[in-house]
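Q: I'm new to reading protein models and I'd like a close look at one part of this one. Could you walk me through how its aromatic rings are placed, and then show me what surrounds them?

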Amino acid sequence: MLIFRIHIRGSAYMLLAGGVLFSFVIASIIVFTGLILFRKSNLMIDMVPFVVMFLMLIGTCLTVNLSSVSGESAMRDIQLNLLLEVGEITTSQDESNQYSLKLFNKEDIQITSALAIPSRPPEELLGPIMRITHCEATALYTLNGDTCSYKHSAFIGPDEIKGEAQRISEPVNKQMRVDAKPIWVETVSRHPGLSHIKNNNLHSFLAVPLVVKKQTIGILYLYNKQTSKISPFAEFTTEELRLISSFSHQVGIALENQRLYTDIHDIFLDYIKSIAAALDARDAYTHGHSRRVAEFSVGIGKEIGLSDGELEFLELSATIHDIGKIGIGENVLNKPEKLTGEEFQIIKSHVVKGSKILEPMSRLRALMPGVRHHHERYDGKGYPDSLKGNEIHLVARIISIADTYDAITSSRVYRNGLPPEVAFKEIENGSGTQFDPKLVLAFIKFMKNS
């Protein structure tokens, strides 16, 4: 029995059945060996004592194994309840790294870098966790602040499990809102609260609440635990539970950081758009100019293959490119007649004024190239710094084309806007002198496709 307990580790049911079978075999060997020996000695024996001994032996084994089963079940409950408390401790100790680095491949530890970047998609958090825990699928649900419910955010695994997993999650998520504790269901079809839900591919799951600052901001699901060299049975070992506790805490922090990052980012975007709207409001004839320039600029950016992050940077730069006009008097800015030479110099100063406005702002300072240099020319005859060719930031070169097109096609107090064909011709004529030739081609292609 001692050997059995040491080498056989797995389901409580298998432990119980194995113990009974092992006890029966040992008892049978003892009884029949004794009978054979007594028969060879021509001795008559009373079988009652042997039967009693046999039953007592089986009873003892059953008691030991039932005790082991209840003890293992209690230990499992303790481990699950400790899943939340242990997370923060294990992630703050160097010891937690030993468990991951010694037992798993290095590519699985990319979860650390994934969690460090809040803008990464949730799937990049789930992939390493699924491989490390040897589960068939995994999912992430995040708290919806408006409805106070958990919405499906990400899933990795076979499609046949996804639908069943989402149906199972509804009652489990409700339970998690009431009692934010890990839930381990070994056999879904036998669970009294889930047996009515049709499932053919989902057999077991572990649901772990993601708690940050005493609030459950999400739920991590692990479906269909698989066997492995580390875990020869389809249930979580203490080692794996400890890893999950560490990961769940990190995922919770990553989600909270992402939420905060998104909130700050949205506030930042709203701030930029408010500034642009305030600028456009000063001139009724150019209302929406900043928005249109941003749209045209993003269109050019897509044509030349900029990434999502670069497109967002370009959009923000274009939206705020005329911020320096806030320092130009309305008598000059909205003058219906032709500007004098001195007044034109005042208008030209808006690019320098804009860069000075951005300079003390750490988050807006990065947008300075588009603000300061969108009136530079490709041949070096622009202003304010007479930059030439690729010396001009790509963002500024793009905004220059978009700004010119909108200026030509927009109506002013002293003239009506010109047709797009005229603007296209003007921009094509400026290719290689005023504008970057490659960007001119990208702009024409974008506008024709639109």
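A: Here is a walk through the rings, followed by some charged pairs, two buried residues and a surface patch. Keep in mind that this is a predicted model.

Let's get our bearings before zooming in. The chain has 450 residues, and 42% of them count as buried. Its secondary structure comes to 17 helices and five strands. If you take the contacts with a separation of 6 or more, 61% of them are between residues 24 or more positions apart. On the outside, the chain exposes about 24,700 Å², and carbon and sulfur atoms supply 58% of that area.

Now for the rings. Searching the whole structure turns up eight aromatic pairs. One of them is F296 with Y405, an edge-to-face pair with 5.2 Å from centre to centre and 90° between the planes. F296 belongs to helix α9 (residues 289-303) and Y405 to helix α15 (residues 394-409), so this pair ties together parts that are 109 residues apart in sequence. Are these two buried or exposed? Both F296 and Y405 are buried.

Another pair to look at is F424 and F443. Why is this pair called edge-to-face? The ring centres of F424 and F443 are 6.2 Å apart and their planes meet at 70°, so the pair gets that label, which applies to planes over 60 degrees apart. F424 lies in helix α16 (residues 420-429) and F443 in helix α17 (residues 437-449), so here the parts tied together are 19 residues apart in sequence. What about burial? The cut-off for buried is under 20% relative accessible area. F424 has 17% relative accessibility, so it counts as buried. F443 has 0%, so F443 counts as buried too.

Rings can also gather in a group: Y141, F155, F205, Y221 and Y223 form one aromatic cluster. And a ring can have a charge for company. The charged end of K348 sits over the ring of Y383, 4.7 Å from the ring's centre.

That brings us to charges. In general, side chains of opposite charge can pair when their charged atoms come close. How many salt bridges are there here? The count comes to eight. Let's visit some of them:

- K335 and E343 meet through their side chains in a salt bridge, at 2.8 Å from N to O. Both K335 and E343 are buried.
- R372 and D385 also form a salt bridge, 2.8 Å from N to O. This pair links distant parts of the chain, with R372 in helix α14 and D385 in the loop between α14 and α15, 13 residues apart. D385 has a relative accessible area of 32%, so it is partly exposed.
- D379 and R377 form a salt bridge in which the closest N and O atoms are 3.0 Å apart. D379 is partly exposed because its relative accessible area is 21%. R377 is partly exposed as well, because its value is 24%.

Next, two buried spots. Look for L364 in the loop between α13 (350-358) and α14 (368-372). With a relative accessible area of 3%, L364 counts as buried. Which residues does L364 touch, leaving out those up to four places away in sequence? They are F268, Y271, I272 and L358. Pick out I272 from that list: L364 and I272 are 92 residues apart along the chain, and their C-alpha atoms are separated by 9.0 Å.

The second spot is T216, which you'll find in strand β5 (residues 215-225). T216 has a relative accessible area of 12%, so it is buried. Again leaving out residues up to four places away in sequence, T216 touches L143, Y150, A180, P209, L210 and V211.

Finally, let's head to the surface. F22, I26, I29 and I30 form a nonpolar patch there, with about 360 Å² of accessible area together. F22 lies in helix α2 (residues 12-40). Its relative accessibility is 37%, so F22 counts as partly exposed. If you hold F22 up against F443, you get a good pair for practice: F22 is a partly exposed ring at 37%, whereas F443 is a buried one at 0%.

Conventions
Residues are numbered from 1 along each chain as its sequence is written. This is a predicted model: local features need pLDDT of at least 70, side-chain atom pairs count only at pLDDT 80 or more; totals for chains, interfaces and linings use all residues. Side-chain values use heavy atoms; hydrogens and water are left out. Patches are made of residues with over 30% relative accessible area and no salt bridge: like charges are joined within 9 Å, nonpolar side chains (Val, Leu, Ile, Met, Phe, Trp, Tyr) within 5 Å. Accessible areas come from the Shrake-Rupley method with a 1.4 Å probe; for residues, only the protein chains shown count as cover. A salt bridge is a side-chain nitrogen of Lys or Arg within 4 Å of a carboxyl oxygen of Asp or Glu. Helices (H or I, at least four residues) and strands (E, at least two) are DSSP runs, numbered from the N terminus. Buried means under 20% relative accessible area, exposed over 50%, partly exposed in between (1.4 Å probe, protein chains only). Rings of Phe, Tyr and Trp (its six-membered ring) pair if their centres lie within 6.5 Å; planes under 30 degrees apart count as stacked, over 60 as edge-to-face and the rest as tilted. A charge sits over a ring if NZ of Lys or CZ of Arg is within 6 Å of the ring centre and within 35 degrees of the ring normal. Contact means heavy atoms within 4.5 Å.
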